[in-house]
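Q: I'm new to looking at protein models, and I'd like a close look at one residue and its surroundings. Could you walk me through it without too much jargon?

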Amino acid sequence: MRGMSDSLCVRIEQYYAAVPLLFADAEVFGPLRLFVRKEPGTPYYGGPSHAQPVAGDGVASTGDDIARVRARQRELGVPEAFEWLAQTAPALRSRIEAAGLPVDERPLMVLDPHRPLPEPPLPDGVTLRVVTDDDPALPQVLALPRLAFAEVGTAVGPAGPAELSATAEDLVEDGTVEAARPTLLAGHKVLIAAFAPDDTPLAAGHYHPAEGATEIGGVATLPTARRQGLGAAVTAALAAHARDHGVRTVFLAYADESIARIYAHLGFRPAGVTLLIANQPARS
C-alpha cells in the first residue's frame, strides 16, 4: 500500500487498537494479544498487536502463539476467534488456517470525506432517531441484529414484530440491555434506528467513535421490512451523525457485493484494505 492508502490503513489500525480498550483489557501473547471483556458483553477476539510497526512479512507469530491465545479463550469460555487487517500481518492468515480455523475476508469501504451524504427516502410514516440509554425501544433495537442476521440475505423474510418482541425479552432477561446502557450513556456507542408509526424499530445500526474514526456496523433490517431502503437510510444517518460529531474517517466492512453497491451510492469507496475474520460471525 502506498500514499493515501498507507495513511488510511494506519488510521483504521489505530481505530481497531483503541475501541476494544474502551471495554476490555489486552492480554499479550508474544506478537499477539487478546482483548478480554471487563464487563459482560459480546466477546472480543485475538489478533496481532494493533497499531504497532511491523517489518518484513508482518507479525512474526507462530503456531504456538496462536495455540496460547486459543487456550486462553477456551479458559474464558469465549469463541476461539481472531481478527486483523490483512496488510498489517500478511503471514498470519496461513498460520491461522494451519491451526484449523476458517478465515473469511471482509473488504472495507471508506466514506469519501468530500462528498455530501444523500438522504435516502423513507417509507410513509417511518422516522429516524438516535436511541439513547433510556429509550423504551432500546431492547427491541438491540434485538434487531440478532433476529435479522439469523435470516441471511436481503430478501423479505417471515420474522416480524412478534419475533422481535420475543427476542427483546430474551435480551432483557440475560442482561444484554442493561450492559448496553452505560456504553450509550458515555457516548462510546451511538445507535440509530428507523421506526414505524407505532414505534416498532424496523432497521438499526451503530458506530463506536474513537481516534477521530469509526466503523459503522450492526446495520440490520427486520426481515418483514426489507427491500424498502431502510438499511441505506440508517447507514447514511449514522455516517452523517458521526461527521457532525467530529469523526473524520468513516468506514465499514461488507460481505456481499449487492450490499457494497448500496454503500457506493451513499459515497463509500473501496478502501484498499481487507479485514480478516477467523472463526467468528461476519460483520454486518
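What follows is a close look at one arginine, with the rest of the chain as its setting.

Q: Where is Arg70 found, and which residues is Arg70 in contact with, leaving aside its neighbours within four places in sequence?

A: Before we zoom in, keep in mind that this is a predicted model. Now to Arg70. You'll find Arg70 in helix H2, which covers residues 63-76. Is Arg70 buried or exposed? The cut-off for buried is under 20% relative accessible area. Arg70 comes in at 18% relative accessibility, so Arg70 counts as buried.

Next, who is around it? If you skip the neighbours within four places in sequence, Arg70 is in contact with Glu80, Phe82, Ala99 and Leu101. One of these, Ala99, comes with an extra detail: a polar atom of the Arg70 side chain lies 2.9 Å from the backbone oxygen of Ala99.

Let's step back to see the setting. The chain has 8 helices and 11 strands. Its radius of gyration is 19 Å, close to the 19 Å that the globule rule gives for 284 residues, so the chain is as compact as a globular protein of that length. If you draw a box along the principal axes, the C-alpha atoms fill roughly 55 × 45 × 35 Å.

Arg70 has company in being buried: buried residues make up 50% of the 284 residues in the chain. Thr183 in helix H6 (residues 176-185) is one example, buried with a relative accessible area of 14%. Not counting residues up to four places away in sequence, Thr183 touches Phe23, His188 and Lys189. Another is Glu13, placed in helix H1 (residues 4-18), which counts as buried at 7% relative accessibility.

Glu13 also shows how places far along the sequence can sit in space: Glu13 and Gln87 are 74 residues apart in sequence, yet their C-alpha atoms are 9.8 Å apart. For the chain in general, take the contacts between residues at least 6 apart in sequence, and 71% of them join residues at least 24 apart.

Finally, the outside and the charges. The chain exposes about 13,100 Å², with carbon and sulfur atoms supplying 53% of it. There are 24 positive and 34 negative charges in the chain, and the mean positions of the two sets are 6 Å apart.

Conventions:
Residues numbered from 1 in each chain as written. Predicted model: local features only at pLDDT ≥ 70, side-chain atom pairs only at ≥ 80, totals over all residues. Heavy atoms only, no water. Helix = DSSP H or I, 4+ residues; strand = E, 2+ residues; numbered from the N terminus. Rg over C-alpha atoms; globule rule 2.2 N^0.38 Å. Buried < 20%, exposed > 50% of the residue type's maximum accessible area, 1.4 Å probe, protein only. Contact = heavy atoms within 4.5 Å. Areas by Shrake-Rupley, 256 points an atom, 1.4 Å probe, with all protein chains shown as cover. Lys, Arg positive; Asp, Glu negative; His and termini not counted. Charge placed at Lys NZ, Arg CZ, Asp CG, Glu CD. Polar contact = N/O pair within 3.5 Å; in protein donor to acceptor, adjacent residues only side chain to side chain.
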